[in-house]
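This report covers the ligand shell, the domains and one sheet of the structure shown below.

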Amino acid sequence: MKKIPLFKSYVDKSDYKSVLNSLKTGWLTHGSSNLVFEEKFSKYIGSKFSISMNSCTSALECSLKILKKKGEVIIPSWTWVSTANAVLNTGNIPVFADVNINSRNLNAENIEKKINKKTIAVIVVHYAGLPCEMDEIMKLTKKRKISLIEDSAETLGAKWKKNYTGSFGMGCFSFFPTKNITTTEGGMLTINNRKQYLEVKKIIAHGIDHDKKPVFWHREAVLPGHNFRLPNHLAALGISQLKKLNKFNAKRRLIAKRYDNFLKKFEDVFAIQKVSKNLTHSYQMYTCLLKPKLRNNFLFFMKKNGIEVSAHFVPPLHKQNYLKKFCKKKLKNTEYLSRSIVTLPIYPNLKNVDLNRIFKLITKWYEKIKKN
Ligand SMILES: Cc1ncc(COP(=O)(O)O)c(C=O)c1O
């Protein structure tokens, strides 16, 4: 039985060529392709600057390091562990806010409930390809003078009104193979402040200040930096992938529409996501909700029949053992989502025959549970 994966990167001949040409130059670390990738990325997103690095997790850490103060950072519990880890690993405290069930995202109302004198920032997570509703969030962060960081690991190429995610605050992107484009491992930080941009460039490369160079062999470190660099050949892969991003996302949207239309037939058990008219969706994941008492049975059934399905995220962060102590209250919507979410296969090259096989199997499962 052929397995249908949950995610699959689309890497073609033009990508191989791009990587090979880069390797052939003999320049094997951060180099000229990084600068080109960053410039093209900024142009696409609409940010002043971009800094390529080895992961979104590193981008999140950099965004917090440059704030120059420590305190509480509001984040959703409905996210990957990196969001909280970046908060803890930079000496801050995560404060979990609940999300909306349909969008699975934070909104201004839920963020505001968690703001106090110790709050220094909020990290909004644009979950699975759907941007947060940014107008109210930006108004709130400006009014309360807290920094706005966007964890856009799962959302590249989707807009709130006319603007892409990553252009509202500091944007953190991932190019992990399951994401909208890939550089294998990799990430990007988008930023509008020049001083902060220059500081991040130092943080990701051992803290060395290349302007302080009285002689060519002098290397002066001005802060305790990291090695978060993305190598040149992976930046070259990023450039080649970025050219295909709009095509990838168009394909993802078509597949999502087919899932929506199909699942509508079973609305007594499945709930599809509604996308408000101010938003576009880039469907890094396709998620729907299933009645909690049926969810696990469905996941086991699909897996047994060769379809890779999953549930993002179980457990949610505030239920992870090492994070429990940061959340004393129930997060009702997040907990409901964790019991009902289903992630179905989506990737640009998902063939119609495979999608039809998924539909056939879902119908079979539905008929089976209706009989029992
Ligand atoms: C919401 C979110 N944040 C951060 C990350 C981390 O990305 P990376 O693997 O590039 O560090 C992920 C990746 O899965 C994610 O989904």
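How many nonpolar, polar and charged residues are in the shell around the ligand?

## Ligand shell

The shell has five nonpolar, seven polar and two charged residues. Here Ala, Val, Leu, Ile, Met, Phe, Trp, Tyr, Cys and Pro count as nonpolar, Asp, Glu, Lys and Arg as charged, and the others, Gly among them, as polar.

The model is predicted: local features need pLDDT of at least 70 and side-chain atom pairs pLDDT 80 or more, while totals for chains, interfaces and linings use all residues. Residue numbers start from 1 along each chain as its sequence is written.

Of the 14 residues around the ligand (C-beta, placed from the backbone, within 6 Å of it), Ser55, Cys56, Thr57, Ala153 and Ser174 come nearest. Helix H3 (56–65) and helix H4 (81–89) each supply at least two shell residues. Helices (H or I, at least four residues) and strands (E, at least two) are DSSP runs, numbered from the N terminus.

## Domains

Domain 1 spans 13–242 and domain 2 spans 245–371; the bounds come from an automatic or database domain assignment. Their C-alpha centres lie 26 Å apart. The contact (C-beta atoms, placed from the backbone, within 7 Å) takes 34 residues from domain 1 and 30 from domain 2.

On the domain 1 side, strand S3 (93–97) gives the most, with four residues.

## Sheet

An open sheet of three strands has the order S10-S11-S12, with antiparallel pairing. Strand S10 (270–271) and strand S12 (341–344) are at the edges, each with a single partner strand, so one side of each has no neighbour in the sheet.

Strands pair if DSSP finds at least two bridges between them; two bridges join S10 to strand S11 (residues 286–290). Phe270 stands opposite Leu290 in S11.

Definitions and conventions. Contact = placed C-beta atoms within 7 Å.
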